[in-house]
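Let's take a walk through this structure together. Have a look at the picture and the sequence, and then read on.

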Amino acid sequence: MTEHTAAAHDDHHDEPPTGFAERWLFTTNHKDIGTLYLIFSLTMFFMGGLMALVIRAELFQPGLQFVDPQFFNSMTTMHALLMVFGAVMPAFVGLANWLIPMMIGAPDMALPRMNNWSFWILPFAFSMLIMTLLLPGGAPAGGWTLYPPLVLQTGDAFPFMVFAIHLMGASSIMGSINVIVTIMNMRAPGMTLMKMPLFVWTWLITAYLLIAVMPVLAGAVTMLLTDKYFGTSFFNAAGGGDPVLFQHVFWFFGHPEVYIMILPAFGVVSQIIPTFSRKPLFGYSSMVYATASIAFLSFIVWAHHMFTTGMPIAGQLFFMLSTMLIAIPTAVKIFNWLSTMWKGELTFETPMLFSIAFVLLFTIGGFSGLMLAIAPADYQYHDTYFVVAHFHYVLVPGAVFSIMAATYYWLPKWTGKMYNEKLGKLHFWLSLVGVNVLFFPQHFLGLAGMPRRIPDYPTQFADFNMISSVGAFLFGFSQLLFVAVIWSSVKGKQQATDQVWDGAEGLEWTLPSPAPYHSFNEPPVIK
Amino acid sequence: MLTETEQRDRRIKLTVVVLVLTAAAFYGGFILLTALTS
């Protein structure tokens, strides 16, 4: 599809700065900032994972074993905030930083200094959030959805949490502005929008979603802050406000947020499956339109999270049907991935294994989502472990698996060395078994009526909880292998070729491995 | 006459301004909407 001029990567005289602070603290290089994002994301993944293990250890048996209920609630809240805003989103921003300039033939991101600022806000935001564990009253414990009036009972941690969320939002908005500006203005000559790799497309659409909804979350938490400290009554019923209104505002952000975490995952999988099928992606343009349709629909489905708050029947019908509509563009994507693989020369390297698992397991999460979309049935499922199983299927073997697939796929391009394939495959199989043992039984727990966010439960739920906890520890400890594989590539001996994978196509594979510090000083020629 | 680079820089500045204003409008707009509704 593409070719670049000989001068494109021969003239990379710029070397990274030698000093630690100059290289990492003051960096404006998209690859260094991408690396920082990815390391930060992995750190948050392990911290959030540790909190998940506290939750699963407590739920291993009925009764209170290890932690008191208040701390348990802090763990569920902090686990969610860390995983959503600290692990998944920064991982995709890291991938965007590394890959978008290389994929569109640009030398760097359009706004490199703002890029540095977007990243370096995050460690401060999350340090502040995590340190609320040490404050009187403990860390936030009202759930990541921050519903008032419950969340207003948070102790001294409350304003710190609000400030941390504002910082995360500012970071995300700056990151998205950078992505949009880069894609719209820095593409190599001849790289029309419909020639862009799918990963770039999905990120472009995701960035627009972020700009529309992160300010809404910021507005919601600002109003919570003024309700608690400045005497306003946005959500205070005693003052004429409406607590349910918060849920509307929150989910206007919250539902697109789900797609913010999954659209770039679609992009990753759309890059990997054609490579290991040795075929072009089936239905490229339908993939682009499906992504845009999902993004549009994500704005008009929010109240399906709130069926049980009481809603006119017309409202229930609208949100039920609009939610079900999302199945159509999503099915287009699943169909296209399967058709890409159909009659392809398939090989099953680790990135492909994670991608195939993504397609299968994300579909399970999608189907349970359809079940939850049915308003009358949702009255039964609402706030049960069925919901927990549903969104974890979407986010763990969905978003997280795609991040792992992306890491394995592009790691040799980043480090210049191949990773240990045997260890990679072991990591995949342990993760696959672990994640299903962890989350599949939670469907049954939910259907049997076990509520979410409880530290104790009746003995009838004991068996499935025990199985789920065993899966959690298996999945959790398997992730140490992920670090070992990354290390095996960083310190590896086997030099990666420029193309790395023999079916790989796209501008990033025309660069040497490891990719030079500045990608394309001369714009490549796109045929 | 602006060079190609200058034209691109102008486009970049314009895109940034539009996106920042969009974000600000969503922030302020939703607070205003909530205030009017509650």
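**Where the two chains meet**

Let's begin at the meeting place of the chains: 27 residues of chain A are in contact with 17 residues of chain B. Keep in mind that what you're looking at is a predicted model.

How much area is buried between chain A and chain B? It comes to about 1700 Å², and carbon and sulfur atoms give 83% of that. If you go hunting for salt bridges between chain A and chain B, the count is zero. Polar contacts do turn up there, with two residue pairs between chain A and chain B, both at pLDDT 80 or more. On the chain A side, helix H5 (157-185), helix H6 (198-229) and helix H7 (243-277) each supply at least two of the residues that touch chain B. The largest share of that side comes from H6(A), with nine residues. Sort the residues on the chain A side by character and you get 19 nonpolar, seven polar and one charged.

Now for the partner itself. Chain B has one helix and zero strands. Its C-alpha trace spans about 55 × 10 × 5 Å along the principal axes. Of the 38 residues in chain B, 21% count as buried.

Let's move on to chain A and pick out a residue from helix H5, one of the helices that supply residues to the side touching chain B. Ser171(A) lies in this helix. Is Ser171(A) buried or exposed? With a relative accessibility of 4%, Ser171(A) counts as buried, because the cut-off for that label is anything under 20%. And which residues does Ser171(A) touch, once those up to four places away in sequence are set aside? They are Tyr37(A), Ser118(A), Ile121(A) and Leu122(A).

Aromatic rings are next. Over all chains, the structure holds 49 aromatic pairs. Take Trp144(A) and Trp251(A) as one of them: their rings sit edge-to-face, 6.2 Å centre to centre, with 85° between the planes. Trp144(A) is in the loop between helix H4 (112-131) and H5 of chain A, while Trp251(A) belongs to helix H7 of chain A, so this pair ties together parts that are 107 residues apart in sequence. Trp144(A) counts as buried at 15% relative accessibility, and Trp251(A) is buried too, with a relative accessible area of 8%.

From rings we turn to charges. Side chains of opposite charge can pair when their charged atoms come close. How many salt bridges does a search of the whole structure find over all chains? The search finds four, and we can visit some of them.

Start with Asp502(A), which you'll find in the segment after helix H15 (462-490) of chain A. Asp502(A) forms a salt bridge with Arg278(A), and the closest N and O atoms are 2.8 Å apart. Arg278(A) sits in the loop between H7 and helix H8 (284-297) of chain A and Asp502(A) in the segment after H15, so the pair ties together parts that are 224 residues apart in sequence. The side chains of Asp502(A) and Arg278(A) also make a polar contact, at 2.8 Å. The C-alpha atoms of Asp502(A) and Phe276(A), in turn, are separated by 8.3 Å, with their places 226 residues apart along the chain. Asp502(A) is exposed, at 57% relative accessible area, whereas Arg278(A) counts as partly exposed at 26%.

Another stop is the salt bridge in which the side chains of Arg452(A) and Asp383(A) meet, at 4.0 Å from N to O. Arg452(A) lies in the loop between helix H14 (421-447) and H15 of chain A, and Asp383(A) in the loop between helix H12 (375-381) and helix H13 (385-415), so parts 69 residues apart in sequence are tied together by this pair. Arg452(A) is buried, with a relative accessible area of 18%, while Asp383(A) counts as partly exposed at 37%.

Our last stop is in helix H14 of chain A, where Glu421(A) and Lys425(A) are four residues apart and so separated by about one helical turn. Their side chains meet in a salt bridge of 4.0 Å, N to O. Glu421(A) is partly exposed, with 22% relative accessible area, and Lys425(A) counts as partly exposed at 31%.

Definitions and conventions: Residues numbered from 1 in each chain as written. Chains lettered and ligands numbered in written order. Predicted model: local features only at pLDDT ≥ 70, side-chain atom pairs only at ≥ 80, totals over all residues. Heavy atoms only, no water. Contact = heavy atoms within 4.5 Å. Buried area = accessible area lost by both parts, 1.4 Å probe. Polar contact = N/O pair within 3.5 Å; in protein donor to acceptor, adjacent residues only side chain to side chain. Nonpolar A, V, L, I, M, F, W, Y, C, P; charged D, E, K, R; others polar. Phe/Tyr/Trp six-rings, centres within 6.5 Å; stacked < 30°, edge-to-face > 60°. Buried < 20%, exposed > 50% of the residue type's maximum accessible area, 1.4 Å probe, protein only.
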